[in-house]
Amino acid sequence: MSTYVASQPAPYEVPVLDLSFPENTDLSADQFCFVAMAGQGYLYLALCGAGAVALGVLQTDDKGSSTLSVTASVRLLGVSKVISGGNIYAGSQVSSDASGHAVTAAATSTGDSAVTGIALDNATAGDLLPVLL
């Protein structure tokens, strides 16, 4: 996770809508990353892919597995901390990178990245960034 200088304010959160979803894989290292629904016939959480549509931001660090399904909390609406995957400026539209981290949304060769939120502060890679979902 990110480290903070004592003079920097901590990122803030405003929970509006958090829901619980099944997690049958180990996402314990992915707290505050964008997640999506995966699976066929049985839906579960997975890290969001680069430029893909995110369900929301994982709020918990529970450890699920293929033999132990746990319930994870996902912020769908509001302001959430998200791990930054690069330099982001306040007011920028953000999307997910391949690690589920927030990056500035940009056009790609296959089309535009899915915008998942708006950055409410500046950030560099590894920072916890407040994002309006």
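Reader: How many bridges join strand 2 to strand 3, and in which sense do the two run?

Author: Keep in mind that this is a predicted model. Strand 3 covers residues 44-47, and strand 2 covers residues 34-38. One facing pair to look for is A38 opposite Y44 in strand 3. The two strands run antiparallel, and the number of bridges joining them is four.

Reader: Which residue of strand 4 does F34 stand opposite?

Author: Strand 2 also pairs with strand 4, residues 56-58, in the antiparallel sense. That pairing goes over two bridges. The residue that stands opposite F34 is V57.

Reader: How many of the residues in strand 2 are buried?

Author: Strand 2 has a partner in strand 3, joined by four bridges, and another in strand 4, over two bridges. Strand 2 is described as mostly covered. Out of its five residues, the buried ones number four.

Reader: Zooming out, what does the secondary structure of the protein come to?

Author: From the N terminus on, the elements run β-β-β-β-β-β-β-β-β-β-β. Of the contacts between residues at least 6 apart in sequence, 60% join residues at least 24 apart. The tally is zero helices and eleven strands.

Reader: What share of the residues is buried, and how much area does the protein expose?

Author: The chain has 133 residues, and buried ones make up 40% of them. Carbon and sulfur atoms supply 55% of the exposed area. The area that the protein exposes is about 6,800 Å².

Reader: Which residues are linked in a network of salt bridges?

Author: Three salt bridges turn up in the structure. R75 pairs with E13, K81 pairs with E13 too, and D18 pairs with R75. Put those together and the network is made of E13, D18, R75 and K81.

Reader: How far apart are the closest N and O atoms of R75 and E13?

Author: This pair links distant parts of the chain, with R75 in strand 5 and E13 in the segment before strand 1, 62 residues apart. R75 is buried, since its relative accessible area is 5%, while E13 is partly exposed at 31%. The closest N and O atoms of the pair are apart by 3.3 Å.

Reader: And what about K81: is it buried or exposed?

Author: K81 forms a salt bridge with E13, with the closest N and O atoms 3.9 Å apart. The two sit 68 residues apart, K81 in strand 5 and E13 in the segment before strand 1. The relative accessibility of K81 is 18%, and the cut-off for buried is under 20%. So K81 counts as buried.

Reader: What is the closest N and O distance between D18 and R75?

Author: D18 lies in strand 1 and R75 in strand 5, so their bridge ties together parts that are 57 residues apart in sequence. D18 is partly exposed, with a relative accessible area of 31%. R75, on the other hand, is buried at 5%. For this pair the closest N and O atoms are apart by 2.6 Å.

Reader: Why does S73 count as buried, and which residues does it touch?

Author: S73 lies in strand 5, residues 70-83. It counts as buried because its relative accessibility is 18%, and the cut-off is under 20%. Leaving out residues up to four places away in sequence, S73 touches D18, L19, S20, V57, L58, Q59 and T60.

Reader: Which strand gives the most to the nonpolar patch on the surface?

Author: The patch is formed by Y12, V14, V16, L17, L19, L77, I118, L120 and L132, with about 720 Å² of accessible area together. Y12 is found in the segment before strand 1, and Y12 is partly exposed at 43%. The top contributor, with four residues, covers residues 14-23 and is strand 1.

Reader: How many disulfides does a search of the whole structure find?

Author: C33 counts as buried, at 1% relative accessibility. C48 also counts as buried, at 1%. To be a disulfide, a pair of cysteine sulfur atoms has to lie within 2.5 Å. The number of disulfides found in the whole structure is zero.

Key: Residues are numbered from 1 along each chain as its sequence is written. This is a predicted model: local features need pLDDT of at least 70, side-chain atom pairs count only at pLDDT 80 or more; totals for chains, interfaces and linings use all residues. Side-chain values use heavy atoms; hydrogens and water are left out. Patches are made of residues with over 30% relative accessible area and no salt bridge: like charges are joined within 9 Å, nonpolar side chains (Val, Leu, Ile, Met, Phe, Trp, Tyr) within 5 Å. Accessible areas come from the Shrake-Rupley method with a 1.4 Å probe; for residues, only the protein chains shown count as cover. A salt bridge is a side-chain nitrogen of Lys or Arg within 4 Å of a carboxyl oxygen of Asp or Glu. Buried means under 20% relative accessible area, exposed over 50%, partly exposed in between (1.4 Å probe, protein chains only). Contact means heavy atoms within 4.5 Å. Two strands pair if DSSP finds at least two bridges between them.
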